[in-house]
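Trainee: Please take me through this model. I want a reason for each label you use.

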Amino acid sequence: MSFKSFQLNLLNLRPWLILLAVIWLLASVGLGWLVNSLLIIFSLLLLAPILAFFGFRWWLQRSLVADQCPVCRYEFTGLNNTQLQCPNCGESLLVQNSHFHRFTPEGTIDVTAVEVPAQSLED
């Protein structure tokens, strides 16, 4: 057997020697860390969608506001702390503290009109 044929036989055994070395290394270190990490990853993959679903429901219950438009009394929903427009009358509204308020730009004086009956003026 020549040196060249010995090298070729060694090259053919190379993947098997690497596999044997990896198995020997894992056996000496132990497989507990591998099993534990796989269990942690698997449990995170199972729990992440469940936690995301319940977290989204909690956020939606906290942020979704159902109220009436202060102008036309049309009831609809919106997200808290946002500005939106009434789908019925087109009034710009601001959602604050779980209620709809008319949006008045800075410098605008918002006046609420009160109807006075004609009889009270004659008296």
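**Labels and their reasons**

Mentor: Leucine 38 lies in helix α2. Helices (H or I, at least four residues) and strands (E, at least two) are DSSP runs, numbered from the N terminus. This is a predicted model: local features need pLDDT of at least 70, side-chain atom pairs count only at pLDDT 80 or more, and totals for chains, interfaces and linings use all residues. Residues are numbered from 1 along each chain as its sequence is written, and side-chain values use heavy atoms, with hydrogens and water left out.

Trainee: Why does leucine 38 count as exposed?

Mentor: Its relative accessibility is 53%. Exposed means over 50% relative accessible area, buried under 20%, partly exposed in between (1.4 Å probe, protein chains only). Leucine 38 is over the exposed cut-off, so it earns the word.

Trainee: Which residues make the nonpolar surface patch?

Mentor: Leu38 is one of them, with Trp24, Leu25, Val29, Leu31, Trp33, Leu34, Val35 and Leu39. The patch is about 950 Å². Nonpolar side chains (Val, Leu, Ile, Met, Phe, Trp, Tyr) are joined within 5 Å, and like charges within 9 Å; patch residues need over 30% relative accessible area and no salt bridge. Areas come from the Shrake-Rupley method with a 1.4 Å probe; for residues, only the protein chains shown count as cover.

Trainee: Which helix gives the most to the patch?

Mentor: α2, with five residues. Both α1 (3–29) and α2 (32–63) supply at least two each.

Trainee: What makes serine 63 buried?

Mentor: Serine 63 also lies in helix α2. Its relative accessibility is 11%, under the 20% limit, so buried is the right word. Leaving out residues up to four places away in sequence, serine 63 touches Gly78, Leu79 and Asn80. A contact means heavy atoms within 4.5 Å.

Trainee: How do you know that β1 and β2 are paired, and how do they run?

Mentor: Two strands pair if DSSP finds at least two bridges between them. Strand β1 (residues 64–68) and β2 have five, so they qualify. They run antiparallel. One bridge sets aspartate 67 against phenylalanine 76 in β2. The hairpin has six residues between these strands, and arginine 73 there takes a positive phi near 65 degrees.

Trainee: Which residues of β2 are on its covered face?

Mentor: Phe76 and Gly78. The uncovered face holds Glu75, Thr77 and Leu79.

Trainee: What is notable about the phi of asparagine 81?

Mentor: It is positive, about 60 degrees, although the residue is not a glycine. Most residues other than glycine have a negative phi. Asparagine 81 lies in the loop between β2 and β3. Its relative accessible area is 62%, so it is exposed. Asparagine 97 has a positive phi too, near 55 degrees. That residue lies in the loop between β4 and β5. At 66%, asparagine 97 is also exposed.

Trainee: In what order do the three strands of the open sheet lie?

Mentor: β3-β4-β5, with antiparallel pairing. β3 (83–85) and β5 (99–102) are the edge strands, as each pairs on one side only. Three bridges join β3 to β4 (residues 92–96). In one, glutamine 83 meets leucine 94.

Trainee: Why are arginine 102 and glutamate 91 called a salt bridge?

Mentor: The term needs a side-chain nitrogen of Lys or Arg within 4 Å of a carboxyl oxygen of Asp or Glu. Here the closest N and O atoms are 3.3 Å apart, so the pair passes. Arginine 102 is in strand β5 and glutamate 91 in the loop between β3 and β4, eleven residues apart. The structure holds one salt bridge. Both ends count as partly exposed: arginine 102 at 39%, glutamate 91 at 21%.

Trainee: What pattern does the chain follow along the sequence?

Mentor: α-α-β-β-β-β-β-α. That comes to three helices and five strands. Of the 123 residues, 9% are buried.
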